[in-house]
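Reader: May I ask some questions about a protein that I have been given to study?
Author: Certainly; please put it on display.

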Amino acid sequence: VQLQAYGGGLVQAGGSLRLSCAASGVTFGGYVMGWFRQVPGKEREFLAAISRSGGNTDYANSVKGRFTISRDNAKNTVNLQMNSLKPEDTAVYYCAASRRTYTLMKAFAASSAYHTWGQGTLVTVSS
């Protein structure tokens with residue numbers, strides 16, 4: 001699978017952005033998808049994951065209630081709607097795909113669960 005993330009940009013605090021990740025080369029519905037972010041000098045941070053059907057999701061506490069992950073298996077895309085953005089949300093955002101079959105969605109909070117990563121898209125939130 002190949003992943004291409006896009007939709008990043010500059011936004012003011014309190015604003016919204018919608019990130020998307022397009023997948024190609026595989027049966028998209030066979031993968032759990034996740035979003036992570038990374039700030040230089042820090043570890044990659046889990047944000048959200050969505051099950052193969054889209055029926056189950058999991059969020060990091062830091063974004064719960066502000067970010068929403070969704071997917072469209074017909075269009076081979078996964079999205080991250082980000083609302084009420086804060087300056088501390090500034091980071092490079094990555095989408096990732098996993099072939100693992102964990103029972104609990106929380107298991108997909110680990111970056112090691114994913115085998116393919118997109119190239120990242122930069123989100124900058126100004127104060």
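The exchange below goes through the fold, the overall form and two loop residues.

Author: This is a predicted model, in which local features need pLDDT of at least 70 and side-chain atom pairs count only at pLDDT 80 or more, while totals for chains, interfaces and linings use all residues. Residues are numbered from 1 along each chain as its sequence is written, and side-chain values use heavy atoms, with hydrogens and water left out.

Reader: How many helices and strands are there in the protein?
Author: The protein has eleven strands and zero helices. Helices (H or I, at least four residues) and strands (E, at least two) are DSSP runs, numbered from the N terminus.

Reader: What does the C-alpha trace span along its principal axes?
Author: The spans are about 40 × 25 × 25 Å.

Reader: And how much of the protein counts as buried?
Author: Of its 127 residues, 43% are buried. Buried means under 20% relative accessible area, exposed over 50%, and partly exposed in between (1.4 Å probe, protein chains only).

Reader: Turning to the loops, where is Asn-76 found?
Author: Asn-76 is in the loop between strand E7 (67-72) and strand E8 (77-82). Its phi is near 55 degrees, a positive value in a residue other than glycine.

Reader: What is the usual sign of phi?
Author: Most residues other than glycine have a negative phi.

Reader: Which loop holds Ser-84?
Author: Ser-84 lies in the loop between E8 and strand E9 (91-98). Ser-84 is not a glycine, yet has a positive phi of about 50 degrees.

Reader: Are these residues buried or exposed?
Author: Asn-76 is partly exposed, at a relative accessible area of 21%. Ser-84 also counts as partly exposed, with 42% relative accessibility.
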